[in-house]
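Hi everyone, thanks for making time this morning. Have a look at the model on the screen, and I'll talk you through a few parts of it.

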Amino acid sequence: YSYYTFIYKLQIEVSNEEQWKEALLAPGLLVVDVYQRWCGPCKAVQNIFRKCKTEYGDDLLRFAVAEADDILELSSLKGKCLPVCLFYSGGKLLSIVRGVNGPLLQKTILELVDVEKKKQQLGSKYVPEVRCLFWVISLRSNYVQEVDMGLSDCSIEMDSRQLAFFFPTLNVTSDTQAGSISEIQKTLALIRPSLLRKRKDEILKTIHDFGFQIAMQREITLTDEQAKEFYKDHDGTDYFPGLINQMTSGPLLALALTREDAVLHWRGLLGPKVVDEAKEKSPESLRAQFAIDNVAINQLHGSSTPEEAQRDLNKFFPTEHTLAVIKPDYTQELRDSIINRIKEAGFSISQVTEKKLTRDMAEEFYKDHVGKYFYNHLVDYMSRGPSVMMILSKENAITEWREMMGPTDPEQAKQGSPNCLRAQFAKSILENVVHGSSNVQHAMDNIMLIFGDIPKQTLLKKEK
Ligand SMILES: Nc1ncnc2c1ncn2[C@@H]1O[C@H](COP(=O)(O)OP(=O)(O)OP(=O)(O)O)[C@@H](O)[C@H]1O
């Protein structure tokens, strides 16, 4: 964790606006490695810079490191763990290279240093030859590649620059040191009860500020057995009783966090496991920042590997099943497009059947609405033709499918969530295209009504 405090001789450290302005206005080419707090400056890039400095180094080539959070101009690069190098001269941004692309970095530095030399030799007689970087974006592969087109058109160069700055959240992947590609991952974070009681809003804001999305969350009070099972590998250690005590002292918050390389980043932010060590060696780490007075156990957990994250997530967010119905009068095209949307959202369709409900079944299905003014119309509608009945399986399936459907009334849906199915396809509040169970009991009852008693094993097998 000491990478937070490294000072590099090769690179000047820019950590406030004043230093930023000073660095930009110094003569020559300035190459800035923009980094994120949890990644630290990129060591692989430093090696390339060191080589360049030795090969073509003179006073016209300078290097800097700056944290995206510290400098306003760099704020659009917040949250990207991929190294981003910016090339400036006379305060102007000339070029951007993302990723540890040694040859491209070297080539860019060589060319731009040459320009600086010419400028120095020719003074005001120097006429710039503009070279442009284009971003070739293949949406299908989510891959962004930089190509030096060597064109002389300033407006095109501006476009590419703007592209990089205005779409920093594009899933940009480029060469990395090990040739691997950063990917969106999920990890499990636990906020232990004492911290949750005292500083819930603050820790959630911090998580958000560090670029994580909360894909799922659940407040849960663990029993002694559940806590012991979760931490069984620590059984027998001197801290085990204290840990179990902390884990069961009230509700904790389990979070499924997503972002690029979520597992590594979350672990990196947490810092050392022992609170005193975290405070001493890594005071910026979350375990130091969010330690609770007089509690020796740290307040935050994170999975160690992607495999462990998957196991941990399954424990806190087990697969749920919900009943989804495409209501009568659908066209084949509508049915296919809804099913595609379901698959794209990551649901497994564990069972599917097309079935015309009898009046009795429709009455049973909507028995909670008996007596309401629309009840008879609802039963008529639901029994007048076949419906597509599906069991959808996923963590958090009930809530997620209801979110996909949107509000009961399509007019309200169009206002608040225009992309939901009801906003796009419902005819009216009555004929609103899709149904989804409201809770676990409702899901179980209606799955039983439509599909009979499906053994759990069948569902699990189908999920795979
Ligand atoms: N005010 C209303 N006027 C007409 N029909 C209505 C009205 N409210 C609900 N409905 C019909 O009854 C169904 C069940 O209503 P409920 O309040 O359970 O909404 P929902 O949970 O969004 O929908 P569903 O149970 O079909 O998933 C609605 O989907 C709709 O078809």
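I'll go through some strands, the annotated sites, one cysteine and the nonpolar cores. Please keep in mind that this is a predicted model.

Let's begin with strand S3, residues 61-67. Of its 7 residues, 6 are buried, so S3 is largely enclosed by the rest of the structure. Which strands pair with it? One is strand S1, residues 11-14, which runs parallel to S3 and is joined to it by 4 bridges. If you want a landmark in that pairing, find isoleucine 12, which stands opposite alanine 64 in S3. Strand S2, residues 29-35, also runs parallel to S3, this time with 7 bridges. Here aspartate 33 stands opposite valine 65.

Aspartate 33 comes up again when we look at cysteine 42. That cysteine sits in the loop between S2 and helix H2, which covers 43-56. Is cysteine 42 buried or exposed? It counts as buried, because 23 other C-beta atoms lie within 10 Å, and the cut-off for buried is 20 or more. Apart from residues up to four places away in sequence, cysteine 42 touches Asp33, Tyr35, Pro83 and Val100. There is also a link across the chain here: cysteine 42 and valine 84 are 42 residues apart in sequence, and their C-alpha atoms are separated by 9.3 Å.

Now please turn to another sheet. This one is open, has 4 strands in the order S13-S14-S12-S15, and its pairing is antiparallel. At the edges are strand S13, 348-355, and strand S15, 434-436, each pairing on one side only. From one strand to the next, the twist averages 20°. Within the sheet, strand S12 (residues 319-326) and strand S14 (residues 387-395) pair over 8 bridges in the antiparallel sense. Histidine 321 has serine 393 in S14 as its bridge partner.

What packs on this sheet? Helix H18, residues 440-451, does, touching S12, S13 and S14, and its direction makes about 55° with that of S12. Helix H15, residues 397-405, lies across S12, S14 and S15 and runs at about 30° to S12.

That helix takes us to the annotations. An unreviewed UniProt entry lists Lys327, Phe374, Arg402, Thr408, Arg422 and Asn432 under "binding site". Let me pick out the two arginines. Arginine 402 is in helix H15, and arginine 422 is in helix H17, residues 421-425. How buried are they? Arginine 402 counts as partly exposed because it has 19 C-beta neighbours inside 10 Å. Arginine 422 has 23 such neighbours, so it counts as buried. Beyond its neighbours within four places in sequence, arginine 422 is in contact with Met405, Gly406, Pro407, Pro410, Ala413, Asn432, Val433 and Val434. One of those contacts, Asn432, is itself on the "binding site" list.

The unreviewed entry in UniProt also has an "active site" feature, placed at His301 and His435. Histidine 435 lies in strand S15, one of the edge strands we just saw. It counts as buried, because it has 20 C-beta neighbours inside 10 Å. Leaving aside neighbours within four places in sequence, histidine 435 is in contact with Val325 and Lys327, and Lys327 is another residue from the "binding site" list.

Where is the other histidine? Histidine 301 is found in strand S11, residues 300-302. It is buried too, because 21 other C-beta atoms lie within 10 Å. Not counting residues up to four places away in sequence, histidine 301 touches Ala189 and Leu190.

Ala189 brings us to the cores. The largest nonpolar core has 37 residues, and those with the most contacts inside it are Leu188, Ala189, Ile191 and Leu257. Several elements supply at least two residues each, among them strand S8 (184-191), helix H5 (193-209) and helix H11 (306-316). Strand S10 gives the most, with 6 residues. As for alanine 189, its contacts beyond four places in sequence are Leu255, Leu257, Trp266, Leu300, His301 and Gly302. A second, separate core of 36 residues includes Val34, Phe49, Ala68 and Tyr88.

That's my tour, and I'm happy to go back to any part of it.

How values were computed
Residues are numbered from 1 along each chain as its sequence is written. This is a predicted model: local features need pLDDT of at least 70, side-chain atom pairs count only at pLDDT 80 or more; totals for chains, interfaces and linings use all residues. Two strands pair if DSSP finds at least two bridges between them. Axes are lines fitted to C-alpha atoms, for helices over the stretch in contact, and angles run from 0 to 180 degrees between N-to-C directions. Two residues are in contact if their C-beta atoms, placed from the backbone, lie within 7 Å. UniProt positions are given in the numbering used here, feature names are shortened, and annotations may be inferred rather than shown by experiment. A residue is buried if 20 or more other C-beta atoms lie within 10 Å of its own, exposed if 12 or fewer, and partly exposed in between; C-beta atoms are placed from the backbone. A nonpolar core is a set of buried Ala, Val, Leu, Ile, Met, Phe, Trp, Tyr and Cys residues joined through C-beta atoms within 7 Å.
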